[in-house]
Protein chains: 2
Amino acid sequence: MMQPEQKVDPRILRTRKLILDAFMTIAKTKDFASISIKDITDAATVNRATFYAHFADKYELLDAVLTDTFFKNMHEHLNCHDRLNEDTVANVFLAITRFQKELSVQWKKSYESFRPIIENKIKKDLEGLFYLLLTNQNLAVEKEKLKIWSVLLSWEIYGACTDWQQNSTLPAEKYIKTAMPYILQGMAVLV
Amino acid sequence: MMQPEQKVDPRILRTRKLILDAFMTIAKTKDFASISIKDITDAATVNRATFYAHFADKYELLDAVLTDTFFKNMHEHLNCHDRLNEDTVANVFLAITRFQKELSVQWKKSYESFRPIIENKIKKDLEGLFYLLLTNQNLAVEKEKLKIWSVLLSWEIYGACTDWQQNSTLPAEKYIKTAMPYILQGMAVLV
DNA sequence: GGCATTCTGTGGCTTACGCAACAATGGGAT
DNA sequence: ATCCCATTGTTGCGTAAGCCACAGAATGCC
């Protein structure tokens with residue numbers, strides 16, 4: 001989003017990465033609740049006090065990990081200069097479902113305890129993403145409305161993902177194609 | 001050797017490892033002479049000034065890399081509580097030849113410029129190793145003599161390695177078996 | 001219940017590292 | 001020969017990270 005990204009001390013990046021990597025590794029073998037800060041800092045070969053200089057607690061770390069991995073995943077299939085249209089929505093849907101799949105496989109032991117946190121996180125991120133896309137295509141609509149519509153759209157999409165995951169036997173591509181007319185109908189208010 | 005190994009700041013170990021790893025990686029693709037300090041520190045994501053806090057120059061780094069890898073290699077086939085005998089000598093010979101082989105393959109681009117440095121280094125290390133083994137088995141011989149005999153033995157063994165590498169077509173195991181009687185004859189002065 | 005143990009945040013102090021700037025050296029090109 | 005640019009070590013200063021010790025909370029065990 002902001003490309004200048006003014007220089008960050010390399011030590012900060014290094015330590016952050018050490019912590020994130022350590023956490024992701026541990027999450028594969030241990031339940032989230034039973035992971036202690038010490039487990040993480042030991043694995044990261046970082047002092048416990050240093051952890052707290054980067055993150056307030058375990059949950060903030062989880063948040064950061066999700067942001068990193070989710071956005072990484074997202075950007076592989078979407079660039080933020082796209083307009084919000086049928087293709088974009090479909091791509092977002094597919095990226096989310098793929099991401100969830102990956103998480104539940106990679107983080108077997110922790111995924112269940114993560115789920116509600118992940119859900120909120122992704123919806124917030126989505127909301128921000130949609131809002132960004134919408135403002136970028138300068139429509140003649142007040143920002144207030146765009147904000148709310150972003151919320152609606154993010155819940156809608158995320159709901160679709162959850163439903164697909166839990167109840168559907170369709171391939172993701174089919175599912176989203178089926179859902180698309182309804183979504184587009186809602187988005188039509190934009191133009 | 002010394003097992004207490006009083007605690008070292010983890011940052012030092014980390015930085016050192018980053019530098020060593022970076023160097024070994026670069027050595028695969030570039031000639032030693034053409035590797036700059038900046039190349040190394042960039043790859044290691046470490047500041048150039050930090051490099052100089054750890055090593056005086058490129059050669060000291062090379063020295064450290066060799067020590068680490070050589071001793072690692074050596075200890076896999078030998079423990080320092082062994083006595084100095086036929087088996088030990090044979091193991092050392094094989095460890096060295098294996099190590100040289102590995103280097104020349106791994107560090108294609110740099111090996112030739114390394115060679116003389118490596119040679120001195122290994123002989124020094126060998127000398128220390130032999131001296132250690134000899135003193136450990138408390139013989140009734142002055143230290144002064146043990147020191148000199150360690151030198152002779154290390155040159156002898158290293159010479160054998162070089163000759164094998166350059167002139168011999170025998171398998172290393174055969175070669176050392178052939179050379180062994182002569183070496184043992186020399187060592188007989190010890191008992 | 002009580003007791004011991006582990007974990008969590010936090011603060012004060014020390015140390016290692018990053019940064020920018022420097023003079024000195026050494027090719028390489030024209 | 002001259003200029004140019006890159007590399008080499010070195011320095012002083014600011015900041016991130018390590019270390020230790022602490023009190024309070026949580027957990028487990030009997």
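## Contacts between chains A and B

In this predicted model, there are zero salt bridges between chain A and chain B. Two residue pairs are in polar contact across the two chains, both at pLDDT 80 or more. By class, the side of chain A that touches chain B comprises three nonpolar residues, one polar residue and one charged residue.

Contact involves five residues of chain A and five residues of chain B. Together the two chains bury about 330 Å², with 42% of this area on carbon and sulfur atoms. On the chain A side, 87% of the area buried against chain B comes from A:Arg14, A:Leu18 and A:Thr45, more than from any other three residues.

## Surface near DNA strand C

DNA strand C is surrounded by 21 residues, and the closest are A:Arg11, A:Arg14, B:Arg11, B:Thr15 and B:Thr50. Of the strand C atoms that come within 4 Å of the protein, 67% belong to sugar and phosphate. The surface near this strand has eight charged, seven nonpolar and six polar residues.

Phosphate oxygens of strand C are approached by both chains. An N or O atom in the side chain of A:Arg14 is 2.7 Å from one such oxygen. For B:Arg11, a backbone N or O atom lies 2.8 Å from a phosphate oxygen, while for B:Thr15 a polar side-chain atom lies at 2.5 Å. Helix H3 (48-54) of chain B gives the most to the surface near the strand, with four residues.

## Environment of A:Thr15

A:Thr15 belongs to helix H1 (residues 10-27) of chain A. Its relative accessible area is 12%, so A:Thr15 is classed as buried. Apart from neighbours within four places in sequence, A:Thr15 is in contact with A:Val46, A:Thr50 and A:His54.

How values were computed: Residues are numbered from 1 along each chain as its sequence is written. Chains are lettered from A and ligands numbered from 1 in the order in which they are written. This is a predicted model: local features need pLDDT of at least 70, side-chain atom pairs count only at pLDDT 80 or more; totals for chains, interfaces and linings use all residues. Side-chain values use heavy atoms; hydrogens and water are left out. Contact means heavy atoms within 4.5 Å. Buried area is the accessible area (1.4 Å probe) that two parts lose on being put together, summed over both. A salt bridge is a side-chain nitrogen of Lys or Arg within 4 Å of a carboxyl oxygen of Asp or Glu. A polar contact is a pair of N or O atoms within 3.5 Å; within protein, one must be able to donate a hydrogen and the other to accept it, and residues adjacent in sequence count only if both atoms are side-chain atoms. Ala, Val, Leu, Ile, Met, Phe, Trp, Tyr, Cys and Pro count as nonpolar, Asp, Glu, Lys and Arg as charged, and the others, Gly among them, as polar. Helices (H or I, at least four residues) and strands (E, at least two) are DSSP runs, numbered from the N terminus. Buried means under 20% relative accessible area, exposed over 50%, partly exposed in between (1.4 Å probe, protein chains only). A residue is near a molecule or strand if one of its heavy atoms lies within 4 Å of it.
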